[in-house]
Amino acid sequence: MHGFGFDTLALLTAVGLAGPLLASLPRLRIPAIVGELIAGLVLGKTGFGVVDDANPTFQLFANIGFALVMFVVGTHVPVRDPKIRSAVPMALARAVLVGAVASALGVGLAAEFGTGHAALYAVLIASSSAAMTLPMIDALRLHGPQVLSVTAQIAIANAACIVLLPWAIDFRRAPTAALGGLVITGCAVVIFALLRAGDRRGWRQRMHDYSEKQRFALELRINLLVLFGLSSLAVSADVSIMLAGFVLGLVIAMVGEPRRLARQLFGITEGFFSPLFFVWLGASLQVRELGSHPKLILLGVGLGLGGVLAHCTARLFGQPLTLAVMSATQLGVAVAAATIGTEEHVLSPGEPSALMFGALLTIVGTSIAGTLAARGRTAENADTPVKTGKSTQAG
């Protein structure tokens, strides 16, 4: 099935349900993304070759999904939370420490495996997935100063690594990537200024009320217009659409994302484009190459365990071990690295699969750490005596 019609769309939508099915297993806490990647592996190069990841239409849909995923990641960064500001100094110190350890580990892994990608490995090891970990923290109802600090740390690491990734993948393109990144960032600043001006004059609220009354979804339309425009500019400037999606998400987070827009974005992204993107990513990976290059399996193990080890050094600054492990998730940056590396052919055969394998190991660690953190919170609550006043007691 190498064409791309409604039959292919139906198939991709159906296999994308593998993510929610696996995520429905409460004890395992498997992220939906893992199921979608597995479905892609089965259908693509690694499996039965049912779908062609090189199909232009499939790639276009996947790129739209990639841009939307990074957009949503940007909106998850809690830049408006005033409590985050007090946690920034310690979070920044921890992120710098993790980055230093990650740089050493990246150099060591690149030397050991002879890939020459020390900078890429360092960025991967130092990264934290805001899109994965922050919703998990909310779902587990973790709170307190340490949670605020790790939230700020994840946001800092996520933003820094996404900006550094294109240069780390191919340093020869650093000047071009830097110029393109400045152009995208400049456009984002202009968009932020326009949105703030519209807020102050009440234009945004009037448009919101009118759109809600008429059911025009104008906010969604305008955000998609700006996202696709920035993505087009990124492609023209030889910059990954990852950056376009992420900076626009940050802009929306700074201005304040309307709940209606958040629901609409959740529907269009999580309901279709995000699963399709991760199925495409799984289909584009050639995991069989790991069998031909057994050392790459060890590379994946090194990246995954290295990420957990580097983030655990934050324990030196008093961070609880469970939160340190939860901050080690590499997923967002690893997905971007595998996607960009595959599209630009700068990674060796099997290396993208090794990157994703390492990311999956960090997801396992995050799931275990999240479960332990939630149990610790439950035990702490159970040990806290509940004071009940007479007025609240049932007679």
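## A tour of the aromatic pairs

Start by selecting Phe-4, Phe-58, Phe-61, Phe-272 and Phe-273: together they form one aromatic cluster. Keep in mind as you look around that this is a predicted model. Across the whole structure, a search turns up nine aromatic pairs, and this tour stops at two of them.

**First stop: Phe-61 and Phe-272.** Zoom in on these two members of the cluster. How are their rings arranged, stacked or edge-to-face? The ring centres are 6.1 Å apart and the planes stand at 90°, so this pair is edge-to-face. Now show the helices around them. Phe-61 belongs to helix H4, residues 56–75, while Phe-272 sits in helix H13, residues 259–284, so the contact ties together parts that are 211 residues apart in sequence. Switch on the surface if you like: Phe-61 is partly exposed, with 21% relative accessibility, and Phe-272 is partly exposed too, at 25%.

**Second stop: Phe-66 and Phe-277.** Select this pair next. Their ring centres lie 5.1 Å apart, and because their planes are at 10°, under the 30 degrees cut-off, the pair counts as stacked. Which helices does this pair tie together? Phe-66 is in helix H4 and Phe-277 in helix H13, so here too the linked parts are 211 residues apart in sequence.

Before you leave, check the surface here as well. Are these rings' residues buried or exposed? Phe-66 is buried, having a relative accessible area of 2%, and Phe-277 is buried at 1% relative accessibility.

How values were computed:
Residues are numbered from 1 along each chain as its sequence is written. This is a predicted model: local features need pLDDT of at least 70, side-chain atom pairs count only at pLDDT 80 or more; totals for chains, interfaces and linings use all residues. Side-chain values use heavy atoms; hydrogens and water are left out. Rings of Phe, Tyr and Trp (its six-membered ring) pair if their centres lie within 6.5 Å; planes under 30 degrees apart count as stacked, over 60 as edge-to-face and the rest as tilted. Helices (H or I, at least four residues) and strands (E, at least two) are DSSP runs, numbered from the N terminus. Buried means under 20% relative accessible area, exposed over 50%, partly exposed in between (1.4 Å probe, protein chains only).
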